[in-house]
There are 2 protein chains.
Amino acid sequence: MTTATPRYDPREFKALTFHDATTRFRDGADTPRAYLERCIDTIAAREPLVKAFVVLNEAGARAAADASTARWRAGRPLSAIDGMPVAVKDLLETRDMPTELGCEAYRGNFPKRDNAAVWALRQAGAVVFGKTVTAELGGTHPGPTTNPWDPARTPGGSSSGSAAAIASRMVPAALGTQVGGSVIRPAAYCGNVALKPTMGGINRGERQTTSMSTTGVHAGSVEDMWQVAIEITRRAGGDPGRPGLFGPPAPPAAAKPERLIVLETEGWAGLDAPNKFAFETLLESLQRSGVTLLLRGDHPWIEALEQGVANGRAICNAITGWENRWYQRNLVDQHPEGVSARLKATLARAEMMSVEDYRAALLRRATAQQCHVAVAPLADAVIGLSCAGPAPLWPGDVPGQPLAPRPTGDFVFNAPSSMLFAPAITLPLMSVGGLPVGVQMMGQQHEDARMTAIARWMLGAVTPVVAR
Amino acid sequence: MTTATPRYDPREFKALTFHDATTRFRDGADTPRAYLERCIDTIAAREPLVKAFVVLNEAGARAAADASTARWRAGRPLSAIDGMPVAVKDLLETRDMPTELGCEAYRGNFPKRDNAAVWALRQAGAVVFGKTVTAELGGTHPGPTTNPWDPARTPGGSSSGSAAAIASRMVPAALGTQVGGSVIRPAAYCGNVALKPTMGGINRGERQTTSMSTTGVHAGSVEDMWQVAIEITRRAGGDPGRPGLFGPPAPPAAAKPERLIVLETEGWAGLDAPNKFAFETLLESLQRSGVTLLLRGDHPWIEALEQGVANGRAICNAITGWENRWYQRNLVDQHPEGVSARLKATLARAEMMSVEDYRAALLRRATAQQCHVAVAPLADAVIGLSCAGPAPLWPGDVPGQPLAPRPTGDFVFNAPSSMLFAPAITLPLMSVGGLPVGVQMMGQQHEDARMTAIARWMLGAVTPVVAR
């Protein structure tokens, strides 16, 4: 298990896609059942090492795929994702599989309910057939999943299994959730595309207890990513009180941006030379394509936005820690041995906070959001890294040693879009040392479709960078 | 069981209070344990007819009261509500009592967790000693509680038991929750004071799935009402993403308003003559005290606000129906016999909605909120009725007959403050036909303390109206 054999090349890797299979469903050359069986074969081959899934419901999936096959044969699919195998992060409830939240205290938890987004997937005819590994309660304590490009490395978290399942070509799409960086970062470490929508874009259903969590979509293609997101929202809407994802019923056409703001964020200072070089090479390629880049020195409002998000990690941790503390306190009291030492340490920090500390963090978040709104007229989108380089090595906790602070990687490049409630899409446009490094497009709130259009252009027009 | 003996006179009724007992705790003339025992005696006497409680934890309460007694004796109370017996609506989780949500499907549900506000009450030393009857899931299907002023009438809902427990002098304060009118209306029918805070003012804990629900406080006095609310918020804050209730650590001093807007709302047209007469008599009394009243014809912005809330009931029902549908669909699928026909009918209506219908309702709500903000410079507060007259008779459903639409009363006068996210306080300032009718003060968002100050002035300066 070493990194001696780098394997990821974004110019060559072909992810699993679904949108281009449906024409063959119509003419009978392929079927959703056969598609599913190929996914099951891939899982059988790769799962022993990748460990993306907590549980599979193969019988239920086969029945759903057969029903979908009959609908396509009759020319009456329920949607463009009818028959699509979709994996679901094990934080979201599913009526036909347990929901264990990556947490020992929830072992065997089986509420037999469908999360609103899962319900919507089923209404659209998608085949919900497995629950993917999550870091404990969507936090930082890792599950068993390994990075498909190097089993000694983390796949990222907390949507670890969803990210790894896409990169392993096990499924064309999977649901994840993000509070700090739990969709974009693992997708970036694995070489996927993923959408972390505008806050509230996809109905979180029963999971409403934090003010900056979103349900997002991991996929092998931008087309499938968009289609899954919009089919859910058309049926289940967004979070309570929010209008939900806006955009067309099919993936928006590619659109070239004229101007992009390059956001450094607090992650830039800690970035090593190979990753800086790779990103700068990508930016040069964009400039050669005629895209104007705006840096922090180019406009005072961009500098203000940089300053607004400069403590993004701390702001996100304060807000989320406070919001989770009652839930976590109850859990620790009920199951003192059922939660990790990492979670207990997070809770202890949150329990030091006062309501005034929380209000101060909310104010810093709101201020940063205003700074983000202010740059809207300057450019079509913000571009930045999705992660601080390739997925780190993760050898596991060592008994008696201090806990590694971030075993699933650093969310320093993800805190901004989370705290800004902004749509973010990661694109597999770089490889550093033979491992994926994602590039992130971020838009104003409710510009999810516009970001998707820019993402399509980027993937078609920009040559991925392979560094070192 | 008839209404032949009207008994309620707001000029004479003395509700149970706590704030004026604590000086005796300090000097040893009284103790929290003795206070609790008096509450338990009252419950023993009145509970057989009123049926306010689902469950009591007398042993736990006595232990908590004894601990409080020791703290007062040592001169180290945890807060101004240390030792206060508080009842909790059975929608909120409590670690030491079951939480059955007024719903057959939840019979025996005992998650052994504390809701954030309940946790905060315990931190402040309050004695959490009973769960009060709620209409099913906080909706319209009633529980067994009767109105303390006439057992043939509803106490209102959905916070039925909390309201009735206050009016029966069983406890000095109780928690309720309101989506449409579930705090203010039952309090108004029972003759209590109650605060429905600014949306998000008191942390709802695990109950975050609707965008306009609030946890509120029923009490026998404005002083206890404020103290309970602020002690909770100082410890558990507000809802995720919201700053929580603002205001002083002790009840704000009485403040006379200079100008009040009289809001008719869609309830006015259906009001009968005795109730109109009583309210107009109260308004005349305010004018005699030197308060200027502004009516809908006096300013175009007031007329715009009236129009903004004119379909408040329908807007509230659409928003809440949509937000609850996935939760309720799961429940009905799992427990088809465990929920009422009333709830199933509500769900069926919600399942006819599209996301566009929901977005339209959100837009109407947001527009009404803007109209409310616009009147802020015109007056100190809005005054209106808390209910459409006294609590209606409720003989129970008749098998084979259509379901009565509103067995716990009409929320037509409560929809405005709910959809405006505005703080509302009901005051027991009227009696019509020998039964309580509440009067409501509504402020701009985050003006909870200002409304409390005005409420104190009203209770001290305005003679209650006794009509017919």
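This is a guided tour of a predicted model, going from a strand in chain A to a helix residue and then to the interface with chain B.

**Strand 3 of chain A**

Begin by selecting residues 127-132 of chain A, which make up strand 3; six of the six residues there are buried, so the strand is largely enclosed by the rest of the structure. Keep strand 3 highlighted and add residues 53-56 of chain A, which form strand 1 and pair with strand 3 in the antiparallel sense over three bridges. To see one of these pairings at the level of residues, display Val55(A), whose bridge partner in strand 3 is Lys131(A).

Next, select residues 85-89 of chain A, which are strand 2; this strand also pairs with strand 3, here in the parallel sense and over five bridges. Within that pairing, pick Ala87(A) and look for Gly130(A), its bridge partner in strand 3. If you then follow the chain onward from strand 2, you pass through helix 4 (residues 116-123) before arriving at strand 3, and this β-α-β crossover is right-handed.

**His372(A) in helix 12**

Move now to residues 355-374 of chain A, the span of helix 12, and select His372(A) within it. Is this residue buried or exposed? With a relative accessible area of 3%, which falls under the 20% cut-off, His372(A) counts as buried. Showing its surroundings, and leaving aside residues up to four places away in sequence, you will find that His372(A) touches Leu305(A), Leu420(A), Ala422(A), Met442(A), Gly443(A) and Gln444(A).

**The interface of chain A and chain B**

Bring chain B into view and select the residues in contact, of which 39 come from chain A and 39 from chain B. The area buried between the two chains is about 2700 Å², with carbon and sulfur atoms giving 53% of it. On the side of chain A, select Trp326(A), Asn330(A) and Arg359(A), the residues that lose the most area to chain B and that together account for 21% of what that side buries.

For the polar part of this interface, the rule finds 16 residue pairs in polar contact, both residues being at pLDDT 80 or more, and the count of salt bridges between the chains is two. One of them can be displayed by selecting Asp333(A) and Arg95(B), where the closest N and O atoms are 3.0 Å apart.

Finally, colour helix 4, helix 7 (222-236), helix 10 (312-334) and helix 12 of chain A, the elements that each give two or more residues to the side touching chain B. Which element gives the largest share of that side? Helix 10 does, with eight residues.

Conventions
Residues numbered from 1 in each chain as written. Chains lettered and ligands numbered in written order. Predicted model: local features only at pLDDT ≥ 70, side-chain atom pairs only at ≥ 80, totals over all residues. Heavy atoms only, no water. Buried < 20%, exposed > 50% of the residue type's maximum accessible area, 1.4 Å probe, protein only. Helix = DSSP H or I, 4+ residues; strand = E, 2+ residues; numbered from the N terminus. Pairing = 2+ DSSP bridges. Right-handed = clockwise from strand over helix to strand, strands pointing away. Contact = heavy atoms within 4.5 Å. Buried area = accessible area lost by both parts, 1.4 Å probe. Salt bridge = Lys/Arg side-chain N within 4 Å of Asp/Glu carboxyl O. Polar contact = N/O pair within 3.5 Å; in protein donor to acceptor, adjacent residues only side chain to side chain.
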